[in-house]
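Trainee: I am new to this structure. Please take me through one part of it closely, the surroundings of the ligand.

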Amino acid sequence: MNTWSGLIDRYRSRLEISQTAEAVTLFEGNTPLLPAPRLGAEIVPGGKLFLKYEGLNPTGSFKDRGMTTAITQAYHEGSRSVICASTGNTAASAAAYAARAGMSCAVLVPDGKIALGKLAGALAYGAHVIAIQGTFDDGLRMVREAAERAPIALVNSVNPARLQGQKTAAWEVTEQLGEVPDWLCLPVGNAGNISAYWLGFTEAGEERPRLLGAQAAGAAPIVTGKVVEQPETKATAIRIGNPARWGQALEALDQSNGHILAVTDDEIFDAYHRLARLEGVFCEPSSATGVAGLIKSVTTGSVDPEGKIFVCVLTGHGLKDPDSAVEGAAPPISISPSVDELLSVLKL
Ligand SMILES: *Cc1c(COP(=O)(O)O)cnc(C)c1O
């Protein structure tokens with residue numbers, strides 16, 4: 001018996017989408033909330049750390065939560081083709097769900113700035129991948145206008161159905177933890193996810209976490225209050241200079257008595273390595289940004305970890321960006337097929 005069927009069948013009555021549409025699903029959601037005691041002891045002394053491992057969604061990122069609802073709704077409304085701009089994960093997710101529904105899918109990605117595993121996914125699922133000589137922000141402007149001028153559904157997170165699916169992650173966190181955490185920490189790019197979590201928590205009840213958002217220092221418009229024309233960071237999923245849900249994110253941060261800060265790429269990669277080496281959890285660099293933000297907030301004294309429960313959202317899987325994993329590590333040593341030589345190189 002299949003007891004899990006995906007977000008829509010589980011939560012439909014709480015989602016503002018068609019109540020009768022047949023779900024287009026890959027059985028997304030229901031991702032683990034992992035205790036992280038070793039990393040927690042280092043970074044939140046006296047507190048408890050959990051990791052919401054969204055990289056275990058069907059296409060390897062949390063984007064699948066919003067895509068099941070967006071594609072279900074678009075198909076139900078009669079669309080047979082979809083389009084999005086993407087830093088990579090939205091493209092792979094849209095491509096997969098469109099394939100599942102038998103729809104065509106076009107994705108615009110920034111030329112040369114998309115991680116290999118994301119491009120591989122979009123191509124494998126049969127999307128029409130278009131590289132633009134510009135940023136994600138350029139792409140989003142283009143697809144918004146294209147969707148107005150042509151009969152094609154826009155599935156970026158400006159589409160309200162996306163947030164309907166994404167907000168379910170907040171409910172899962174509370175169900176898994178048995179209570180609402182004190183802090184929810186996550187990376188902020190286009191700010192759809194932070195908005196969706198807040199929507200989920202506020203719909204669920206009076207108890208809410210404080211939100212800790214983190215942006216990459218080279219792409220931190222919400223932190224600085226200024227659009228970034230040429231965003232730069234190795235955390236390509238959050239390389240965004242003009243977030244579509246900027247205002248909504250500020251509101252969520254304000255209402256939750258939260259906190260948003262910028263972290264450098266070095267701080268992001270430090271968190272990325274510690275997650276993998278202390279907890280065996282391999283996420284993509286962007287996903288480690290929330291953890292980096294938490295580390296910095298505790299170190300600088302703006303967050304007191306004592307007695308607190310922290311949930312860090314790990315938005316995407318590490319295999320999405322194999323280049324980042326290999327680049328930062330020493331290459332494997334090569335030996336002849338001899339046991340003596342093997343024993344001489346082993347570190348025991
Ligand atoms: C999309 C994405 C983000 C940013 O989410 P927003 O909703 O754009 O703020 C962060 N990490 C990963 C892995 C993503 O794919």
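Mentor: What follows goes from the ligand's site to its contacts, and then to a nearby topic, the sheet. Keep in mind that this is a predicted model.

Start with the place. The ligand sits in the largest cavity. Around the ligand there are 17 residues. Sort that shell by class: six residues are nonpolar, nine are polar and two are charged. Five residues of the shell come nearest: K63, N89, N190, N193 and T315.

Now look at three of those names, one by one. Begin with N89. A polar atom of the N89 side chain lies 2.7 Å from a ligand oxygen. Turn next to N190. Here the backbone takes part: one of its polar atoms is 2.8 Å from an oxygen atom of the ligand. N193 also uses its backbone, with a polar atom 2.8 Å from an oxygen atom of the ligand. How much of the ligand does the protein bury? Taken alone, the ligand exposes 380 Å², and the protein buries 97% of that.

Then trace the sheet. It is open and has four strands, in the order β5-β4-β3-β6. The pairing is parallel. Find its edges at β5, residues 128-132, and β6, residues 153-154. Each of these edge strands pairs on one side only. Move inward to β3, residues 81-85, and β4, residues 104-110. These two strands run parallel, and five bridges join them. For one position to check by eye, take A85: it stands opposite L108 in β4.

Technical notes:
Residues are numbered from 1 along each chain as its sequence is written. This is a predicted model: local features need pLDDT of at least 70, side-chain atom pairs count only at pLDDT 80 or more; totals for chains, interfaces and linings use all residues. Side-chain values use heavy atoms; hydrogens and water are left out. A residue is near a molecule or strand if one of its heavy atoms lies within 4 Å of it. A polar contact is a pair of N or O atoms within 3.5 Å; within protein, one must be able to donate a hydrogen and the other to accept it, and residues adjacent in sequence count only if both atoms are side-chain atoms. Accessible areas come from the Shrake-Rupley method with a 1.4 Å probe; for residues, only the protein chains shown count as cover. On a 1 Å grid over the protein atoms alone, a cavity is a set of points where a 1.4 Å probe fits but cannot get out, and a pocket is an open set with protein on both sides within 12 Å along at least five of seven lines; lining residues have an atom within 4 Å of a point. A molecule sits in a cavity or pocket if more than half of its atoms lie within 2 Å of its grid points. Ala, Val, Leu, Ile, Met, Phe, Trp, Tyr, Cys and Pro count as nonpolar, Asp, Glu, Lys and Arg as charged, and the others, Gly among them, as polar. Two strands pair if DSSP finds at least two bridges between them.
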